Amino acid sequence: MRNPRNEPLAAQDIAKRGGHGDMPERRCVLTGRNDARDELLRLALSPDGEVLPDALARAPGRGAWIGVNRAELEQALASGKLRGALSRAFKTGQISIPEDLPQRMEDALQRAFLQRLGLEMRAGRLILGSDRIAGEARTGGVAALYHANDASDDGCRKLDQAYRVGMDAEGSGLAGIRLPLDRAALSVALGRDNVVHLALADGASAQRVATPLRRLLNYTAAAGAAGSDTSLAASAAAPEGAASPDVRGCE
């Protein structure tokens with residue numbers, strides 16, 4: 001008899017917008033829309049006025065929040081709309097916006113997500129290997145399931161089915177989340193060979209991973225991950241609290 005220990009955390013739980021209840025909100029400087037803090041991306045200023053990503057939203061001082069994807073950020077940068085919005089947010093026109101800010105943002109969001117996965121792995125809560133994941137999933141021992149973006153459809157279907165069985169959710173369409181990262185990036189970040197599928201063993205771990213993953217998924221939604229520089233995954237071994245170099249930000 002199955003005895004599921006977790007509530008499933010599906011893609012819709014990670015990427016959904018709206019209905020945030022008591023979650024703190026922030027205003028996107030580009031769209032003017034208020035959204036949950038954990039779904040927006042934060043920019044901060046270095047001491048010399050360079051705009052840098054603050055993927056963990058922890059840098060001190062004044063900053064700016066954006067709630068757009070990469071393609072929209074690139075458009076705002078090219079049109080000059082981003083400069084105007086950030087000048088108002090930072091209350092200064094003395095800012096420098098790097099031309100590669102959209103890529104820097106994606107790199108920083110990837111690092112934040114991979115660092116969180118690394119912490120969960122060191123705590124023994126990350127499950128790797130298709131056979132092990134399938135066994136745990138069938139008994140309800142998987143709270144969240146993820147697939148590399150280059151994982152085979154067949155491999156994903158088999159694990160998704162085991163996930164649904166363990167969650168007593170057969171016929172529901174519940175499935176693992178396709179990550180905007182390939183197996184090479186995941187393998188380098190986690191220090192394991194050929195990481196194609198991975199899972200988290202408990203709901204608390206899944207929720208801790210959900211915030212950086214939500215930001216990454218929201219940002220890469222339209223731009224896709226095909227053009228990402230996955231070599232940055234090696235930097236995921238840095239401490240979780242490490243912010244972008246020498247930046248200051250604000251709430």
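These are my notebook entries on the salt bridges and one sheet of this structure, which is a predicted model.

**Entry 1: the salt-bridge count.** I began with the charged side chains, since side chains of opposite charge can pair when their charged atoms come close. Under the rule applied here, I find a count of 16 salt bridges, and I followed up several of the pairs one by one.

**Entry 2: Arg104 and Asp100.** I looked up the salt bridge between Arg104 and Asp100, where the closest N and O atoms are 2.9 Å apart. For exposure, I noted that Arg104 has 28% relative accessibility and counts as partly exposed, while Asp100, at 38%, is also classed as partly exposed.

**Entry 3: Asp202 and Arg125.** I then turned to Asp202, which forms a salt bridge with Arg125 at 3.7 Å between the closest N and O atoms. Asp202 sits in the loop between strand E9 (197–200) and helix H8 (203–220), and Arg125 in the loop between helix H4 (101–122) and strand E6 (126–128), so this pair ties together parts 77 residues apart in sequence. I recorded Asp202 as partly exposed at 22% relative accessibility; because the cut-off for buried is under 20%, Asp202 does not count as buried. Arg125 is likewise partly exposed, at 32%. Tracing the pair outward, I found that Asp202 and Arg125 belong to a network of salt bridges that also links Arg116, Glu120 and Arg208.

**Entry 4: Arg178 and Asp153.** Which side chain does Arg178 meet in a salt bridge? I found Asp153 as the partner, with 2.8 Å from N to O. Arg178 lies in strand E8 (residues 177–178) and Asp153 in helix H6 (residues 153–166), so the contact ties together parts that are 25 residues apart in sequence. In exposure, Arg178 is partly exposed with a relative accessible area of 34%, whereas Asp153 counts as exposed at 51%, because the cut-off for exposed is over 50%.

**Entry 5: the sheet.** Several of the strands named above recur here, so I looked up how they are arranged. I read an open sheet of four strands in the order E6-E9-E7-E8, with mixed pairing, and I noted E6 and E8 as the edge strands, each of which pairs on one side only. Strand E7 (residues 144–147) is joined to E9 by four bridges, and the two run antiparallel; Tyr146 stands opposite Leu198 in E9.

**Entry 6: helix against sheet.** Finally I checked where H4 lies relative to these strands, and found that H4 lies across E6 and E9, running at about 90° to E6.

Technical notes
Residues are numbered from 1 along each chain as its sequence is written. This is a predicted model: local features need pLDDT of at least 70, side-chain atom pairs count only at pLDDT 80 or more; totals for chains, interfaces and linings use all residues. Side-chain values use heavy atoms; hydrogens and water are left out. A salt bridge is a side-chain nitrogen of Lys or Arg within 4 Å of a carboxyl oxygen of Asp or Glu. Buried means under 20% relative accessible area, exposed over 50%, partly exposed in between (1.4 Å probe, protein chains only). Two strands pair if DSSP finds at least two bridges between them. Contact means heavy atoms within 4.5 Å. Axes are lines fitted to C-alpha atoms, for helices over the stretch in contact, and angles run from 0 to 180 degrees between N-to-C directions.
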